[in-house]
Amino acid sequence: MSQSLYNHLRLNVFPTPYCPGCGHGILLGAVIRAMDDAGIDWEKTLFVSGIGCAAWIPSPHLMVDTLHTLHGRPIAYATGAKIANPDLNVIVVSGDGDLSAIGGNHLIHAARRDLGITVICANNRIYGMTGGQAAPTTPCGATTQTTPWGDEERPFDLCNLVRGAGGKFVARHTVFQIRNLIKTLSTALSTDGFSFVEALSPCPTHYGKLNKIPTLGDFQDLMKVQYIDKRRWDKLTPEDRKEKIPTGIWREE
Amino acid sequence: MKHTIEKVKSPIKPGEYFLMGDEASADGAIAAGCNFFAGYPITPASEIMVRMVHRLRETDGSFIQMEDEIGSICAMIGASWAGSKAMTATSGPGLSLMMEGLGYAAITEAPIVIVDVQRAGPATGQATRPGSGDVFQVKYGSHGDYEIIALSPWSVQEVFDLTLEAFNLAEAYRVPVFVLADESVGHLRERVIVPEEVERWNRPFASGAPPFDTDDPNGIPSMPAFGQGEHLLVTGSTHDGKGYRKTQDAATHEKLVKRLVGKIRNAADEISRCETYQTDDADILIVAYGFSARASLDAISEFRSKGVKVGLFRPVTLWPFPEKGLLETARGVKHIVVPEMNYGQVSREVERILHREITALPQVDGEGMRPGTIVDGIEQLIGRAK
């Protein structure tokens, strides 16, 4: 770990509480590197999170002002803090359930308002902290505690959702594509207006165990087959798209 | 720690106004230094939000209309921690949505002011009709143990005064404060005097002091703001003095809850306020608050003209309830009646405090309390006593 990373961490709280193979620690490192790459003033930065595994990425790990809020509400808190003090860099880090199920309304309205904050969604496609229930991002057919015979509902495509709601910068990467992820986060942090980055993060413990992807290695192997650059994905036929998950930039203004 | 006090020239032009209660609430907030409002439209409180749009523009504050009341209270807490004096205004259904956020404000000790212009419930009920059904909700509506302060205005002047005071109390005690108005007083138009100078209390702050613990027996810690380089850890989970989550530690949880509750309960005599009218010789004591207290005055003069000695005890703070004042006033009184625009909330509190039989006079027809309700109730009581 580089010295710069140490400077921004509360080392007294380590190790992280994350399970083996969880991608959230990688995202934590990526966020710090992106902050430095974008030249963001840490002392004028507020990290806001909700409830769930991903909400613990900034709080308490980052040596910065943090606001660990109610389930689903980090964007609403961030809205108040940003409007009360526009000089603050306000960054929300939370999970897919937090931001798109219970907090989905705040997500689309912050994007609609073009609120000058960055929202980073750690998407593991399941509720991890409560033991593995289906999320609005759980893929069709996937097994969870609450969909033991396969999820019959369609998942949200968060990037399409936020782009539709008016987000200025909208992108998705996996935590395995670390260079792209850092670069994308850095662009998001430098965006003037509402920016949204979806970071796909593996959850071997809950999602993996129930869906025959039990280790981080298995997730990586799957990624190589599933994830493709959005520009390539755009050219695919609807039939070919079925098994693929596009990553890249949805909108950049 | 102790709050600081400043005297400032009123930002609202001093003088005499003819205002609606809701408008007076907005002006009282601005006088108190309110510089942030988040809200969502709801009858009969919308007029407060609409006036705040203009007032905050005049005073360089921030306004946002949120997507719902959950968003409003959360935005307000975010703003409070960013250093603002934050407010919202709502009514029953919106208040119900805010309950989780209320607990968050209590556990993070964020000063916020909620003006609740009560209407007849439950649920949508009668949106344009008054009620006093939220007295227990503000105190017990959020889960877990916490304390709040609630003030009950009975005139438009008092809506102004108590909204101002609500901000001061919120800052001094780092606690959510409610102005429990109702539609009757919210939509009433009366004379309001705006003073030349107003006293503002500001939250205690000492750089580097723990934001969630204190050695001061008053139990009120320093409150820094985001962006001051304090590296704040604010969380709704159980936390230690510095804000670190302690979600398994029994001693930390007990210490935190006892301090959150104790800082208000121990100061109850300091915070609570009441007024009495013609109670010195009273045989019958009316305990009434808000609009019901006004109707009580009519009933009192009617009985007094017939030689029946009736008096009024009016709690100005509903939470903490002015227990000492009530105990003293009720001494030697033959009958206690509690008229209110709900099916019996404060009446239970009065019963609890006095440990004696009282007569509740609920009026739940969605109308403002009528003197007739109180007169009839007292006449029945006298008839029974004979």
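1. In this predicted model, a good place to start is B:Glu340, which stands opposite B:Pro362, a residue of strand β18(B). The strand β17 of chain B, covering residues 335–340, is joined to β18(B) by four bridges, and the two run parallel.

2. That pair belongs to an open sheet of five strands in chain B, whose order is β13-β15-β14-β17-β18 and whose pairing is mixed. Because β13 (274–277) and β18 (359–362) of chain B stand at the edges and each has a single partner strand, one side of each is left without a neighbour in the sheet. On average, and with direction ignored, neighbouring strands of this sheet are turned by 20° against each other.

3. Helix α14 of chain B, made of residues 371–385, packs on this sheet and touches β14 (284–287), β15 (310–315), β17 and β18 of chain B. The direction of this helix makes about 155° with that of β17(B).

4. Turning to the open spaces, the largest pocket holds about 600 Å³. It is lined by 22 residues, of which A:Arg125, A:Pro155, A:Lys242, A:Lys244 and A:Ile245 are the closest to its centre. In chain A, α6 (158–165), β6 (195–200) and β8 (245–252) each supply at least two residues of this lining, and by class the lining of the largest pocket has nine nonpolar, four polar and nine charged residues.

5. The second largest pocket contains about 410 Å³ of space. Among the 20 residues that line it, those closest to the centre are B:Gly103, B:Tyr104, B:Ile107, B:His143 and B:Gly236. The elements giving two or more residues to this lining are α5 (99–107) and α9 (250–265) of chain B, and α5(B) gives the most, with five residues. By class, the lining of the second largest pocket has eight nonpolar, ten polar and two charged residues.

6. A search of the whole structure also finds two cavities of 30 Å³ or more. The largest cavity, with about 40 Å³ of space, is lined by B:Ala106, B:Tyr146, B:Glu147, B:Arg174, B:Val175, B:Leu260 and B:Lys263, which divide into four nonpolar, no polar and three charged residues.

7. The second largest cavity has a volume of about 30 Å³, and its lining includes B:Lys85, B:Pro111, B:Phe167 and B:Glu171. Both β6 (112–120) and α7 (156–173) of chain B supply at least two residues of this lining, and the largest share, three residues, comes from α7(B). Here the lining residues divide into six nonpolar, no polar and two charged.

Technical notes. Residues numbered from 1 in each chain as written. Chains lettered and ligands numbered in written order. Predicted model: local features only at pLDDT ≥ 70, side-chain atom pairs only at ≥ 80, totals over all residues. Heavy atoms only, no water. Pairing = 2+ DSSP bridges. Axes fitted to C-alpha atoms, helices over the stretch in contact; angles between N-to-C directions. Contact = heavy atoms within 4.5 Å. 1 Å grid on protein atoms, 1.4 Å probe; cavity = no way out; pocket = protein on both sides within 12 Å on 5 of 7 lines; lining within 4 Å. Points joined across faces, edges and corners; volume = space filled by probe spheres on them. Nonpolar A, V, L, I, M, F, W, Y, C, P; charged D, E, K, R; others polar.
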